[in-house]
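Hello,

Here is the structure I promised to pass on to you. Have a look at it first, and then read on for my notes.

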Amino acid sequence: MKLRDITIKDVPRDIFTGIIIALVSIPISMGYAQVSGLPAVCGLYGSIFPILIFGLLSTSKQFIFGVDAAPAALVGAFLAASGIESGSDEAVRIVPIVSFFVGVWLLLMSFFKAGKLVSYISTPVMGGFISGISMTIIMMQIPKILGGTSGRGELLELTEHIIETIMKQFEPMSAIMGISALAVLVISKKIAPKLPMSVFVMITGAILGYTGFAEKYGIAMLDNVNRGLPQWRFPSVRHIEMSSILSTSLTIAIVIMAETLLASNNLANKNGYKMNNNREILVYGLGNLAASFTGCCPVNGSVSRSAMGEQYGGRSQIMSVTASVTMIAILLFATGFIQYLPVPVLTAIVISALMGAVEVHLAKRLFKHDKRELFIFGAAFFGVLIFGTVYGVMIGVVLSFVAVIINTANPKRSFLGAIEGHEGFHSLERNTSAKAVEGVILYRFSGNLYFANIDLLVNDIEKALKPDTKCVIVDSGAVCNIDITAADRIETLQKSLEKSGVKLYFASHIGSLNDRFRQLGLGYMVEKGNCRRTIPAALLDAGFAPPYITEGGGNAEKSKAADRFGRLEFEWAFGSSADEEMEKYTKQLMNSIDTHESTEQKLSHIVHTDSLWKGISDTDQEELLEHLQAHIRELAAKLGISEEKVEEAIELRKLKLAQRIEEKNPQAFEVIREHNRKFEKSLMENEPKVYETLLRHRREALDHLRRSNPEFADVMDELYEE
């Protein structure tokens, strides 16, 4: 915890949140201590020094540490498998030893910087994992509301335990109290999320317990706890089966590292701060050593209490320090009130916090935008729920790597062409105005080349070959590395093309790729000039100098064949949806008219205000103005002025654009002029009445503009010359 990260205004809220966390930790810690085979009071001992160490040393601002479900369940399972009775003297002796070796394993993991492994776990895996853990704990807690005891295990065991509780241990008043408390908490979270309703619910529950109401109706209460702090002692390792202890403690250490790092990183990413993962693992190790020395089970990051801390606006680890100090005060001076706390009420508080930790919003987002990532989220979620923490993480991580392999094995590829009046080379698929250079295959491959994807490159190129192809140029700007399989296939392709009189080039890549070519036996391609710094350099070496002749007989600088130069940027941004997006933007411009403005202000607002056109290229504006002209009647009605007046304003905007474009790029101006001719010709042939109306309005507008804006006379003549 860094003092510079703490602001004075956050301190009162963090202290208040820490007190709430301490109170809520009482039933959670006592319950999980019993799950691990220890007396309930040991859970309170584990909520003092491990939390204090975490609060003072952690780089996580908001996460909470303490006795929690996963390690407790694993320890309980270990005792059962070893034939050790829960709550026995043997269990009290063995469990702290397990905690000790968990701490040792975590210290070793920190030393070997195991924290970097978390960077290989994707957001869907994190979200699915946290949601699975939260749902598992919710299912563990449900029987306590119904009058039973906490469950353990995975989905099948938890479901069976819930059913068994309903059939054999169901207490109606317990269920009514717990469900009512949960309903109040859920509703208040919606209506007043900043109100600490859990405190009021807890106080109400304590009153019901103190008055004897809860006892009268058989509602379970927390056990009475003797006053006093735990004694520190080193656990005795004599007469134990060391191999089973080491293997069990290693498993628990891995679970603690994975679960706590995933959950705390998830919270850090959500709230915009960084963590030091290796430092965190070190703190986990120290916390577990402290738990061991005070006779407690292994401790872990708590998703439920962290979610509660976030809900009440906690911003720093002052929460953890306060929770630790509060627990000390409770054990020294106030253990008497614990026996009056109804279990269903406290369980409802825990479930309410966990419901907020289930990442439904992430699942909805993935459902809408990426079904494959949703599948990974679901696999991690159900993996944790059905198979447990370790297997859930493993399933999610494996699927993440499978997704990475699929993505790299099928990268984006495209064939390129030239656009008249525009520099560079552009996707033929995405730009309707781009045309292939005659005799040349320009091919972009967006990914590293290796054994799983090299066949894609080779097959794409071989299918694209034509009888007149003279050279193939691979735009390898996105290729940073190749493996030996890819190198061998490139060599085979190069020799095959060379026999057919076609030269193969790689161009625009980083210099280190040439070094890799030489390492893998393709150095001759670099030496002979088959690797070029730029695509134009490769074209020039192959005998193609600008202006490039495009398929269809034109050239890339002066061709008269471009149909839609004006939509270049929109096509780049939206691809096949460019027309639709242009129409949307046109509607947006029209809807931006303020009905309270004067007529002149409205007109100026729609066609003259540059802020509305910000980020749209001049050539795209030409296209958008044509869309506006198509809505001239609707636009005139909305503005409350004549169509002639609207046409004049649009024409003035077009003249200003044309003049600016001509000054910057005369060739682009030629393209726009040709586009205007083709547009008018198409309109005349397909909609002669609309064409006549447009022509009439334009003549009137231009006549008026010659008088009012003579500075545009020259560009007017050039743009609309007969």
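Which residues touch the most other members of the largest nonpolar core? They are Ile-26, Tyr-32, Ile-94 and Leu-106, in a core of 113 residues. Please keep in mind as you read that this is a predicted model.

Let me stay with Tyr-32 for a moment. Leaving out residues up to four places away in sequence, Tyr-32 touches Val-67, Asp-68, Ala-69, Ala-72, Ile-137, Met-140 and Gln-141. There is also a second core, separate from the one above, with 28 residues, among them Val-472, Val-479, Leu-493 and Tyr-524.

For the overall picture, the protein has 32 helices and eight strands. Of its 722 residues, 53% are buried. If you take the contacts between residues at least 6 apart in sequence, 78% of them join residues at least 24 apart.

Next, the aromatic rings. Searching the whole structure gives 18 aromatic pairs. One of them is Phe-100 with Phe-101: the ring centres are 5.2 Å apart and the planes stand at 80°, so this pair is edge-to-face. Phe-100 is buried, at 15% relative accessible area, and Phe-101 is buried as well, at 14%. Another pair is Phe-415 with Tyr-443, where the centres are 5.1 Å apart and the planes are at 50°, so the pair is tilted. This pair links distant parts of the chain, since Phe-415 belongs to strand E3 (residues 412–419) and Tyr-443 to strand E5 (residues 440–446), 28 residues apart. The two rings differ in exposure: Phe-415 is partly exposed at 28% relative accessibility, whereas Tyr-443 is buried at 0%. Phe-100 and Phe-101 also belong to an aromatic cluster, together with Phe-49, Trp-232, Phe-234 and Phe-293.

Helix H16 (residues 360–369) is a good place to zoom in. Its residues Leu-362, Ala-363 and Leu-366 are buried. These three cover an arc of only 100° around the axis, and therefore lie on the same side of H16. What covers the buried residues of H16? Helix H6 (123–145) and helix H17 (371–387) are included in that cover. On the other side of H16 you will find His-361, Lys-364, Arg-365, Phe-367 and Lys-368, which are exposed. Phe-367 has a further feature: Lys-371 lies over the face of its ring, at 4.6 Å from the ring centre.

A few spots in the backbone also deserve a look. Most peptide bonds are trans, and most residues other than glycine have a negative phi. Against that background, the peptide bond from Pro-546 to Pro-547 is cis, with omega near 0°. Pro-547 is in the loop between helix H23 (535–541) and helix H24 (568–574). Lys-113 has a positive phi, near 55°, and is placed in the loop between helix H5 (89–111) and H6. Ser-508 has a positive phi too, near 75°. You can find Ser-508 in the loop between strand E7 (503–507) and helix H21 (511–519), where this serine is partly exposed, with a relative accessible area of 30%.

Is Glu-647 buried or exposed? This residue of helix H29 (residues 643–664) is buried, with a relative accessible area of 0%. Apart from neighbours within four places in sequence, Glu-647 is in contact with Gln-629, Ile-632, Leu-694, His-697, Arg-698 and Ala-701.

Last, the cysteines. How many disulfides are there? The count comes to zero. Of two cysteines I looked at, Cys-471 is buried at 0% relative accessibility, while Cys-480 is partly exposed at 43%.

If you would like a place to begin, try Tyr-32 and its contacts, then move on to H16 with its buried side and its exposed one.

Best wishes

Technical notes: Residues numbered from 1 in each chain as written. Predicted model: local features only at pLDDT ≥ 70, side-chain atom pairs only at ≥ 80, totals over all residues. Heavy atoms only, no water. Phe/Tyr/Trp six-rings, centres within 6.5 Å; stacked < 30°, edge-to-face > 60°. Buried < 20%, exposed > 50% of the residue type's maximum accessible area, 1.4 Å probe, protein only. Helix = DSSP H or I, 4+ residues; strand = E, 2+ residues; numbered from the N terminus. Lys NZ or Arg CZ within 6 Å of the ring centre and 35° of its normal. Arc of directions from axis to C-beta. Contact = heavy atoms within 4.5 Å. Core = buried A, V, L, I, M, F, W, Y, C linked by side-chain atoms within 4.5 Å. Disulfide = S-S within 2.5 Å.
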